[in-house]
Amino acid sequence: MRSNLRKIGLALAAPALAIVVALLVTTIILLLAGDPVVAVWQVLFKAPLPRQIVAIINEATVLYLSAVAVAIGFKMNLFNIGVDGQYRVASFAAAVFAGAHWLPGWLNIIVAILVSMATGALWALIAGLLKVTRGVSEVISTIMLNYIATYLVAFFLKMAAVQVEGSNAISTQVLAEDSRVPGIDVSWLLNTHNEIYGLIFLSIAVGIFYWFMLNKTRFGFDLRATGQSETAAVASGINVRKMVVISMVMSGAVAGLVGMPLLFGQDYAYGDTVQAGLGFAGISVALLGRNHPIGMAVSAVLWGYLNQLSNGLQISAGVSDRLVLIIQGIIVLSVVIAYELIRRAKLRLEQRVVASELAQQERVQAEEVAA
Amino acid sequence: MSSVEPDQSAASGDLAVELVGITKRFPGVVANRDISLKVRSRTIHAIVGENGAGKSTLMKILYGVQAPDEGSITIEGRPVTLKSPTDAIDAGIGMVFQHFMLADNLTVLENVVLGAEKLHGIGDAARTKIREISAEYGLHVDPDELVADLGVGDRQRIEILKVLYRGARILILDEPTAVLVPQEVTELFDHLRGLKSEGLTVIFISHKLDEVLSVADDITVIRRGTTVAEVEPSSVTARELAELMVGSELPSPQTEESTVTDTVMLQLTDIDLGVPGQAKTLDQINLTIHAGEILGIAGVEGNGQAELVEVIMGMRRATSGAVYLEGEDITTAGVREIREAGVGYIPEDRHRHGLLLESPLWENVILGHQTQPPNAKGPLIDAAAAKADTETIVNQFDVRTPSISVTAGSLSGGNQQKLIIGREMSHTPRVLVAAHPTRGVDVGAQAAIWDLIKTARRNGMAVLLISADLEELVGLSDRIRVILRGSLSGDFDPEVVTKEQLGAAMTGADASEETAK
Amino acid sequence: MHKVIKSVAVVAAAALSLTACSSGTSSPSASTDTPKIKVGMAYDIGGRGDQSFNDSAAAGLDKAAQEFGVETKESAATAGEAESAKEERLNQLIDAGYNNIVAVGFAYANAVGKVAKDNPDVKFAIVDDASEASTGDNIMNIVFAENEGSFLVGAAAALKTKTDHIGFVGGVETDLIKKFQVGYEAGAKAVNPDIKIDVKYLTQPPDFTGFGDVAKGKAAAEGMYQSGADIVYHAAGGSGGGVFSAAKAAGKLAIGVDSDQAKTAAEDVRDVIMTSMLKRVDVGVYTFIKSVNDNTFAAGPTVFDLKVDGVGYSTTGGKIDDIVPQLEDYKQQIIDGKIVVPSK
């Protein structure tokens with residue numbers, strides 16, 4: 001029991017350590033830049049307003065999906081940097097499909113989401129196939145595919161775009177009212193009429209699916225085994241190539257979901273002002289959350305919190321909001337280092353515990369024999 | 001046998017190395033506890049102990065890789081503090097590691113001067129120096145040869161030359177014979193005696209007792225992290241020495257009555273593996289193993305053993321030829337199908353191929369049998385059943401662990417290996433492929449593992465046993481074949497074959513067929 | 001790091017200071033401690049200091065601040081931020097008491113529309129958008145005829161080129177930037193129908209780094225100069241600096257955008273800037289603040305075109321002094337409707 005508590009303590013130690021280090025380093029940077037340290041932390045640690053809480057939850061909803069997409073790859077030692085491109089291609093496809101309104105209401109939404117998953121999966125499949133057939137590192141191929149995604153979507157967007165009078169932005173056909181996912185009204189709880197994305201349930205479902213897949217299925221076992229030791233996985237009969245392809249496809253399919261809360265709950269179209277870079281943020285969130293279904297949820301909320309409160313930096317503290325990017329960057333860096341340190345500490349601790357428990361057993365046995 | 005105090009007549013000034021009360025606390029593994037060691041100058045001093053007894057830690061302390069928590073080190077009469085290998089080298093200590101640290105694509109000269117460029121430069125001065133050392137100690141090293149072209153024995157001599165080049169007067173050799181065939185061992189010992197006569201001190205770590213007895217002047221025995229005895233080779237037998245090491249009666253593998261049947265369980269026909277234009281890794285391998293039979297494969301490492309195993313297990317596709325499991329063609333089957341069909345696998349490197357070190361034991365029991373009962377329930381993992389199965393395995397195969405939820409990495413090597421064997425046995429395979437099953441495990445576990453393999457054979461399993469330990473092969477196998485450069489020799493009868501005959505076949509020194517039955 | 005700009009203007013006349021009032025009733029006051037007009041600026045990515053679009057808006061703010069004694073607060077967007085972050089920015093400015101909000105850039109369209117609805121007492125101006133999303137009783141839509149201004153610098157380039165070969169570097173291929181390209185091409189072809197025009201966009205949306213990537217701008221312009229173009233017009237925000245240094249290295253000319261870049265660009269490259277297409281965002285912003293000050297705020301689109309000098313060209317450096325008459329002639333024709341400049 002005590003060792004369990006210690007394990008949990010160690011698991012939380014890494015992210016906590018990383019955040020503390022990030023805060024210290026940022027404070028030093030602020031001091032060097034001559035910025036008002038106290039004012040900055042006051043802004044960032046202020047309790048969020050009701051509308052900010054909603055915005056944080058919404059941002060976390062999207063970031064979480066991205067983090068899960070990344071984590072599926074991470075669990076297998078695949079570095080899917082391409083979530084960014086995958087979700088943009090997929091969102092665009094879904095926006096075009098849903099915008100055509102071939103299907104009524106909810107059916108339109110559901111099929112569009114499936115279209116998005118399929119598109120994301122296909123886009124990721126390219127990297128997966130390149131890796132297993134040509135040995136191309138998925139890091140390289142997905143970075144390239146991100147670029148290709150940008151240009152491909154821009155090209156098709158021009159063809160699919162609907163010009164809105166008086167606007168300089170272009171976007172796909174705006175969804176009809178019945179093809180939108182209504183938000184969740186929380187005005188009874190929080191003093192804001194801003195709504196939480198209805199598709200937050202999609203995020204939660206994906207989190208549960210991820211947990212179940214990883215811990216309860218044979219596939220999840222194979223995935224984790226491959227990630228831990230590819231050589232042992234091969235020897236155990238896991239077809240690693242197949243696993244690479246399947247997990248890339250799965251990662252891509254989840255990446256396809258990233259844009260869905262935005263499409264159906266906020267923008268109602270895919271345009272040139274769509275939020276970019278969610279795939280990269282997902283990498284950070286997955287790292288901070290240790291690829292753990294709950295850990296990533298917590299880190300997604302933290303990320304959203306920092307993003308939302310950073311707006312106040314310029315306005316209330318007179319400091320650039322890019323400071324938050326620095327904080328986030330340092331958190332990720334510290335997290336990677338802290339995890340490695342804690343991981344080693346954990347292994348050592350366990351070895352010691354096992355050795356001492358065995359020694360104790362032997363002593364007890366010896367006493368029994370003596371008695 | 002009582003602990004013998006070292007030669008009291010030797011004046012302390014005559015000691016090359018003296019360790020007093022060395023203690024190293026170390027989480028998880030056996031620490032060094034109150035170690036005392038006296039190495040006389042100009043002697044070959046052997047340190048023996050079973051794996052995990054603390055020999056490596058002691059050597060690391062002596063080579064400055066790790067600092068002791070307590071105790072003192074005296075080198076040639078001067079107390080020293082060794083904070084890094086550099087300190088050790090400055091004190092005149094050189095280390096020849098078990099795994100050679102040579103760059104294949106560089107020449108001998110380049111390898112020797114690497115990192116020691118300041119001593120004699122990298123040109124002719126260095127070349128001259130190498131020739132000098134080589135001549136002085138009879139090492140026969142040509143500075144301009146490419147390391148890639150050299151054999152294992154040559155490489156070891158280069159390693160020795162490397163430390164001499166750096167001015168070492170005390171050489172530590174860590175398990176130097178592990179990679180050598182018997183003939184090369186004899187050669188190495190001649191060189192060590194040569195070094196001794198030139199005034200150097202050699203500390204020699206081993207657990208091969210015959211070798212120790214034949215070459216050492218003094219022997220220190222380590223058990224459970226502390227020095228338990230100092231003996232002279234003339235006063236002990238190998239068996240007594242082994243019992244000192246283990247602290248109890250020593251088991252040895254012994255063939256039981258033959259259980260070989262006529263049923264062919266595993267058959268390989270004309271297996272070739274290789275890239276066109278290069279020497280084949282496996283060349284026309286034909287072998288048959290019957291139910292209840294253990295076929296031993298001897299050979300110097302790197303002659304195709306690993307590839308042979310990989311072909312049988314489906315991890316590698318043979319270029320040509322076929323593999324049959326009880327008549328069924330499994331040549332093109334995948335690893336999982338082959339495992340499901342009833343081939344158990346004890347990999348050579350359990351850390352790389354056998355275990356998930358950071359996963360709990362019960363997940364490691366699933367590994368390799370993900371699709372088989374009781375671990376799987378359709379596409380799902382049945383964790384409860386797998387845990388129950390693990391409890392059974394842990395009890396039945398005497399895996400010493402406080403719980404089945406600790407990570408595999410926290411167990412000792414022997415217990416890890418017992419877990420792997422238990423895992424494979426619990427699925428009652430028809431064929432067991434065991435590569436170096438007792439490598440790196442302590443003597444107690446070794447005996448247990450031998451028993452398990454013999455039980456498997458008695459139960460009608462066909463066992464392919466690959467080992468570098470000739471004693472093990474002779475003791476367990478019904479037949480022994482030798483693999484050399486990808487080719488298999490004929491059968492040797494373990495009852496009559498000598499180590500020298502096997503050694504000759506392993507090096508290809510003479511026609512192995514002559515001694516083959 | 002952006003500093004809070006505090007108004008240094010002294011409140012001299014009581015008439016200048018008025019609180020914005022949605023009812024429209026004026027509240028004249030003779031007291032000098034009447035609260036100043038409070039303007040919150042939400043910049044596009046890059047913010048104040050981009051030497052281009054945002055700076056132009058900032059210039060309008062500064063001018064108004066000097067004239068009317070405005071209290072200001074500024075904040076800029078970051079790349080890849082959520083839609084909610086834009087809303088939050090506007091909300092924070094309002095929470096801090098800034099009841100006149102200028103949103104710079106069409107990316108704010110939805111955010112302005114939404115926040116304006118929730119804050120009917122706050123007056124908004126949005127630059128570069130007049131869509132339905134950003135239409136409201138308390139929103140002024142500041143839009144420009146970029147194509148008309150670009151027409152004139154296109155004509156200037158065609159008149160000045162010695163190789164009959166010119167170039168255009170766009171930051172990001174949005175419809176807005178295409179308006180610059182189309183006008184530029186029309187102007188150049190009006191002078192010389194056979195002129196060769198290279199066109200290159202640095203990035204595609206939603207990758208907006210093309211507005212801030214000096215290296216990409218330089219590479220694109222270098223390519224054009226090497227292939228024979230001798231004048232390159234950029235509509236690439238901060239990336240334009242790269243176009244100028246490429247021109248300097250090649251000994252060729254470039255045309256600036258938004259601000260009079262012969263005055264605002266890095267000193268060592270100012271001499272290659274032949275002219276700049278002026279998009280008077282500063283005039284737009286100033287006009288908005290002035291309308292608040294004068295209590296003449298009018299919601300809805302206000303088009304800043306050649307007629308009202310909302311767009312134009314600069315003559316700093318004197319490199320186009322000789323062709324000013326021809327340009328003025330084109331300008332007059334456009335104002336008179338004799339030339340209709342395409343916008344897409």
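In chain B of this predicted model, strand 4 and strand 5 (residues 78-80) run antiparallel and are joined by 3 bridges. Ile75(B) of strand 4 is the bridge partner of Arg78(B) in strand 5. The two strands form a hairpin with 2 residues between them. Within this hairpin, Glu76(B) adopts a positive phi near 50°.

Strand 4 (residues 70-75) of chain B also pairs with strand 1 (residues 15-24) of chain B. This pairing is antiparallel too and comprises 5 bridges. Here Ile75(B) is the bridge partner of Val17(B). Ile75(B) thus has bridge partners in both neighbouring pairings: Val17(B) and Arg78(B).

At the domain level, chain B splits into domain 1, spanning 12-246, and domain 2, spanning 264-515. The centres of these two domains, taken over C-alpha atoms, lie 33 Å apart.

Between chains, 2 pairs are in contact, and chains A and C share the most contacts. Chain B does not touch chain C. The nearest C-alpha atoms of chains B and C are 37 Å apart.

The contact between chains A and C involves 37 residues from chain A and 39 residues from chain C. On the chain C side, strand 2 (71-76), helix 2 (83-95) and helix 5 (175-191) each supply at least two residues. Helix 2 of chain C gives the largest share, with 8 residues. By residue class, the side of chain C that touches chain A consists of 16 nonpolar, 10 polar and 13 charged residues.

Conventions. Residues are numbered from 1 along each chain as its sequence is written. Chains are lettered from A and ligands numbered from 1 in the order in which they are written. This is a predicted model: local features need pLDDT of at least 70, side-chain atom pairs count only at pLDDT 80 or more; totals for chains, interfaces and linings use all residues. Domain bounds come from an automatic or database domain assignment. Two strands pair if DSSP finds at least two bridges between them. Helices (H or I, at least four residues) and strands (E, at least two) are DSSP runs, numbered from the N terminus. Two residues are in contact if their C-beta atoms, placed from the backbone, lie within 7 Å. Ala, Val, Leu, Ile, Met, Phe, Trp, Tyr, Cys and Pro count as nonpolar, Asp, Glu, Lys and Arg as charged, and the others, Gly among them, as polar.
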